[in-house]
Amino acid sequence: MTPVAFDDGRRPPQDFAGLVERHQQALRAFLRRTCGDWALADDLAQDTFLTAWDRLDRLAPEANVRAWLCGIGYNKALTALRSARRSRAREAAYQEVAPMAGAPAPEDRLALERAMASLPVEQRAAVALCLAADFSHAEAATILALPLGTLKSHVTRGRARLLQILEDKI
Amino acid sequence: MSDSDDRLKALFALDLPPAQDGFFSTEVMAALACRRFRQDMAAVTLWSLAGALALALLGPVVVPALQAMATGLAPVALEIGATMLLLGWTTGVLKPDLSLRT
């Protein structure tokens, strides 16, 4: 992962634009898999980058930027999913797995979405980080603020459940 | 990594966002610019209000003091100015039209 160092004084926006460009794919993919709602995930990703801008001063020079961004994004996703305003409608929509605007819709992808929808949010996030992306268990545990053992358990259970559902549907 | 994991990974790769997404990046940077503008405006407003408040509070004390100081300093400033002028003319640094000789 790319370490990033910024001046103590002025933070050049062009460097931040580069940071957005480098990490947007991983962050958006993680949030899409965690939320299940692409539009909400992209909103959260944008919000995550704005929060990251405010907190750049607190980022250690050798920090894993991608993991740091995913951590911020995960907290925002949890807040959004738990908020009374959004969670009911969006979780219901996710459970139904309606086709999402702009998303490719092959059979396999829909089957995967259904399978992901059946997982609790923490398992979804663990699977998204460790199976869909290339985060280690330790990194994912840090991002999700979970004990390593719990994280591994989420990944194992999530993986087994996904494979079980996919076996039936694909 | 097992075949199952490879299969899952391949499925997940189907809905990856694009690696380069200029539209998304532009949206983020535009939102950031808006936020910075709002923060700058809030800071300027805050400092302006603080300055105005300070002037309003200190005005009754500072203005008479400045006036008193100005009354006392005016003759001294006049003498210093006249001396500098004379020195300039006599040493040739100043031209008769008061411009500097280069």
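I first fixed the burial term: a residue is buried if 20 or more other C-beta atoms lie within 10 Å of its own, exposed if 12 or fewer, and partly exposed in between, with the C-beta atoms placed from the backbone. By that rule I found that buried residues make up 6% of the 102 residues in chain B, while for chain A, with 170 residues, 37% count as buried.

I noted that this is a predicted model, in which local features need pLDDT of at least 70 and side-chain atom pairs count only at pLDDT 80 or more, whereas totals for chains, interfaces and linings use all residues. Residues are numbered from 1 along each chain as its sequence is written, and chains are lettered from A and ligands numbered from 1 in the order in which they are written.

**Chain B**

I took helices (H or I, at least four residues) and strands (E, at least two) as DSSP runs numbered from the N terminus, and on that basis chain B has two helices and zero strands. I then looked up helix 2 of chain B, residues 22-91, which has 70 residues but end C-alpha atoms only 67 Å apart, short of the 104 Å that a straight helix would reach at 1.5 Å a residue; the expected span is 1.5 Å times one less than the number of residues. Searching along helix 2 of chain B, I found a kink of about 65° at Gly59(B), shortly before the proline Pro60(B), where the bend is the angle between axes fitted to the seven residues ending at a residue and the seven starting there. Of the 70 residues of this helix three are buried, so helix 2 of chain B lies largely in the open; the three are Phe24(B), Val28(B) and Leu32(B). Just after the helix, Gly92(B) takes a positive phi of about 85°.

**Chain A**

I counted eight helices and zero strands in chain A. Among contacts in chain A with a separation of 6 or more, 67% come from residues 24 or more positions apart; two residues are in contact if their C-beta atoms, placed from the backbone, lie within 7 Å.

I checked Cys35(A), which sits in helix 1 of chain A and counts as buried because it has 28 C-beta neighbours inside 10 Å. Leaving aside neighbours within four places in sequence, Cys35(A) is in contact with Leu40(A), Ala41(A), Leu44(A), Ala77(A) and Leu81(A). I also recorded that Cys35(A) and Arg124(A), 89 residues apart in sequence, are 8.5 Å apart in space, C-alpha to C-alpha.

In helix 7 of chain A, residues 137-144, I listed Glu139(A), Ala140(A), Ala141(A), Ile143(A) and Leu144(A) as the buried residues. Not counting residues up to four places away in sequence, Ala140(A) touches Ala126(A), Leu129(A), Cys130(A), Phe135(A) and Leu151(A).

Ala145(A) lies in the loop between helix 7 and helix 8 of chain A, and its phi is near 55°, a positive value in a residue other than glycine. Most residues other than glycine have a negative phi. Ala145(A) counts as exposed, because it has 11 C-beta neighbours inside 10 Å.

**Between the chains**

I found 24 residues of chain A in contact with 22 residues of chain B. Helix 1 of chain A gives the most to the side of chain A that touches chain B, with nine residues.
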